[in-house]
Amino acid sequence: MFSSMYSLWLHPLIFIRKIISLQSWDGVVNRFLVTFADAILSVYFRYCGLSLSTVHIHNNQTTMYIWGAKHCNSNKPNLVLIHGFGGNSKWQFILQVTQLTRDFNVYIPDLVFFGDSYSSIPDRSVRFQAKCVCDGLKKLGVAKFSVYAISYGGFVGYRMAEEHEEMVEKLVIVSSGIVCKQDRKLEHVKKIGRSVVDLLVPKTPEDLRVLCQMTIQRYDVGRWIPDFFLWGFIAFECCMKEKEELVLDLLNEKPDIVYPVLTQETLLIWGDKDAVFPLDWGHQLHRHLGGKSKIEIIKNVGHAINFEAPHSLNQFITSFVSASG
C-alpha cells in the first residue's frame, strides 16, 4: 500500500531535479509551471491505470518511453495511441485517456524525439517511427493491437499497418492528409503563409498562438495563455533540431511515394473545419482505401479534434474497434 502511494506521488517531484539543472532564473520562472503540469499529467496517467516503461531497442541505439496498461485485461482489446506534433503524448491525450482506459488495454508511446524517447540513428522517416513503435511494443509482449493515430501520428500508424500487418488489427486515422499529392501539399503550405517548421516546432509564443488558431476552431486558446507559460512550454520541449528534421522529411516526400491500400478495416475521422489537413484530403484518403474504410465527419471542429470533441472522438473509436467482424 505504502509502496504504491509512494510511486504515485513521487513523479511530480522530478520537476525539482529538472529545474535546478537550468542555468538562469529566467529559465526557472518560464519553465516551472510547465514542468510541474507535466508531472501532474504523469500522476493522472497512473491514476488511469497506466505505468511508464522504458524500452531499449536497436542494440540500445533507440530508447522508447511507453505508457501501458498496468494490469492487462484479456477481455479488453489492445489499443495503441499515436500522437502528432505539439508536446509529448500526455498533453495530447489527456482529455481521452480516462474513457479509453475503461474500454481498452491502452498503450501510448512517445515517438522518437518526443518526451524522453530518443535515437542515435539518423533516420527521420515515418517508416522508422513505425518500426520503433512496433519493436517497442514487441518488447513489452504486445503482439496484436488496433491503432488510433492523429495528425503526424496518422502517417506513422499507416506505415505500422502496412509493414506490420500481423500486429495491427484495425486502424483509426484522425486528421491526417496521408495520400495528398506533393503539388497540392506545397500549394496548401503557400496558403498558410508561414513556415510549417516554425508552426510545428514553435520557437516563440506567437508561433504557438498561430498554431492554436489554425488547429482549434471553437476557441482562441492561445489568446488567453500568458507569454511566460508559452515560453515555458517551448523551453520544456527537447530535440528541436531533430523535430525540425522530422517535419522536413515529411514535407520533402518524393512525388512518386507509394501508400498501398491497407488490408485492415480503417476508420477516418475528420473535423469539417480542419485548416491543417482540409476535409477533401480526408475524402481523398477514403477513396484511396476503398471498401474496407469509412469516414466520419465531426461538425464545427478543426484539426485538434482530440481537444475540441474528445467525447465524440472516443465514441467513434470505441464503437469501431470493439465491433466484431
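Select Arg-127, Arg-159, Glu-162 and Glu-163 together, since these four residues are linked in a network of salt bridges, a salt bridge being a side-chain nitrogen of Lys or Arg within 4 Å of a carboxyl oxygen of Asp or Glu. The model is a predicted one, in which local features need pLDDT of at least 70 and side-chain atom pairs count only at pLDDT 80 or more, while totals for chains, interfaces and linings use all residues. Residues are numbered from 1 along each chain as its sequence is written, and side-chain values use heavy atoms, with hydrogens and water left out.

Within the network, look at Glu-163 and Arg-127, whose side chains meet in a salt bridge at 1.8 Å, N to O. This pair links distant parts of the chain, with Glu-163 in helix 7 (residues 152–163) and Arg-127 in helix 6 (residues 126–139), 36 residues apart; helices here are DSSP runs (H or I, at least four residues), numbered from the N terminus. Glu-163 is partly exposed at 33% relative accessible area, where buried means under 20%, exposed over 50% and partly exposed in between (1.4 Å probe, protein chains only).

Move next to Glu-162 and Arg-159, which form a salt bridge at 2.5 Å, N to O. Because these residues are three apart in helix 7, about one helical turn separates Glu-162 from Arg-159. Which of the two categories, buried or partly exposed, fits Arg-159? With a relative accessible area of 1%, Arg-159 is buried, whereas Glu-162 is partly exposed at 24%.

For a further salt bridge, select Lys-203 and Asp-198, whose closest N and O atoms are 3.1 Å apart. The structure holds eleven salt bridges.

Now select Thr-101, which lies in helix 5 (residues 97–103) and counts as buried at 12% relative accessibility. A polar atom of the Thr-101 side chain lies 2.7 Å from the backbone oxygen of Val-97. Leaving aside residues up to four places away in sequence, Thr-101 touches Cys-48, Leu-50, Lys-76 and Val-106, contact meaning heavy atoms within 4.5 Å.

Turn then to the surface, where Phe-32, Leu-33, Phe-36, Ile-40 and Phe-228 form a nonpolar patch with about 410 Å² of accessible area together. Such a patch is made of residues with over 30% relative accessible area and no salt bridge, nonpolar side chains (Val, Leu, Ile, Met, Phe, Trp, Tyr) being joined within 5 Å and like charges within 9 Å; accessible areas come from the Shrake-Rupley method with a 1.4 Å probe. Helix 3 (residues 25–47) gives the most to this patch, with four residues.

Technical notes:
Helix = DSSP H or I, 4+ residues; strand = E, 2+ residues; numbered from the N terminus. Polar contact = N/O pair within 3.5 Å; in protein donor to acceptor, adjacent residues only side chain to side chain.
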